[in-house]
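Please look through the sequence and the model before reading on. The paragraphs below begin with one pair of side chains and then move to other parts of the chain.

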Amino acid sequence: EAARAEIDRRGVTVDVEVDGGINEESGRRCLEAGATVLAVASSIFKVPDPADAARRLSVLTRESGGER
């Protein structure tokens, strides 16, 4: 949140990336706090159904308006 607030205060356009420990719950919190990029490789490839995990994370980003 602090990073996003400072970026907005300065009026610059940059991505805020979060990498590590991203799942549906933490990803949602990160997006709500202003993240624009989520690195989610482990959340997809270390689960029994990677395709389902990718779909669910994709829905999360679309819901936040973050998909480009």
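**Salt bridges and the chain around them**

A salt bridge joins the side chains of Glu-63 and Arg-28, with 3.4 Å between N and O. Glu-63 belongs to helix α4 (residues 50–64) and Arg-28 to helix α2 (residues 24–32), so this pair ties together parts that are 35 residues apart in sequence. Glu-63 is exposed, its relative accessible area being 57%. Arg-28 is partly exposed, at 36%. The model described here is a predicted one.

How many salt bridges does a search of the whole structure find? The search finds 6. Two that can be followed in detail lie within helix α1 and are taken up next.

Arg-10 and Glu-6 form a salt bridge with an N to O distance of 2.6 Å. Both residues sit in helix α1, and the 4 residues that separate them in sequence amount to about one turn of the helix. Arg-10 counts as exposed because its relative accessibility is 58%, and exposed means over 50%. Glu-6, with a relative accessible area of 29%, is partly exposed. The pair is also part of a network of salt bridges that links Glu-6, Arg-9 and Arg-10.

The other pair in this helix is Arg-4 and Asp-8, which form a salt bridge whose closest N and O atoms are 3.2 Å apart. Helix α1 covers residues 2–10, and because Arg-4 and Asp-8 are 4 residues apart in it, about one helical turn separates them. Is Arg-4 buried or exposed? Arg-4 counts as buried, because its relative accessibility is 17% and the limit for buried is under 20%. Its partner Asp-8 counts as partly exposed, at 48% relative accessibility.

The surroundings of Arg-4 can be followed beyond the helix. What lies 3.4 Å from a polar atom of the Arg-4 side chain? It is the backbone oxygen of Val-14. Val-14 also appears among the contacts of Arg-4 when neighbours within four places in sequence are left aside; the others are Val-16, Ala-33, Gly-34 and Thr-36. Arg-4 thus has a salt bridge to Asp-8, a side-chain polar atom 3.4 Å from the backbone oxygen of Val-14, and contacts that include Ala-33 and Gly-34.

The remaining points concern the chain as a whole. The protein chain holds 4 helices and 2 strands. Their order along the sequence is α-β-α-β-α-α. Taken along the principal axes, the box filled by the C-alpha atoms is roughly 45 × 20 × 15 Å.

The chain has 68 residues, of which 25% count as buried; Arg-4 is one residue that counts as buried. The accessible surface comes to about 4,800 Å², and carbon and sulfur atoms account for 51% of that area. Among contacts between residues at least 6 apart in sequence, 30% join residues at least 24 apart. The link between Glu-63 and Arg-28, described at the start, spans 35 residues in sequence.

Charged side chains bring the account back to salt bridges. The protein chain carries 10 positive and 13 negative side chains. The centres of these two sets lie 1 Å apart.

Methods. Residues numbered from 1 in each chain as written. Predicted model: local features only at pLDDT ≥ 70, side-chain atom pairs only at ≥ 80, totals over all residues. Heavy atoms only, no water. Salt bridge = Lys/Arg side-chain N within 4 Å of Asp/Glu carboxyl O. Buried < 20%, exposed > 50% of the residue type's maximum accessible area, 1.4 Å probe, protein only. Polar contact = N/O pair within 3.5 Å; in protein donor to acceptor, adjacent residues only side chain to side chain. Contact = heavy atoms within 4.5 Å. Areas by Shrake-Rupley, 256 points an atom, 1.4 Å probe, with all protein chains shown as cover. Lys, Arg positive; Asp, Glu negative; His and termini not counted. Charge placed at Lys NZ, Arg CZ, Asp CG, Glu CD.
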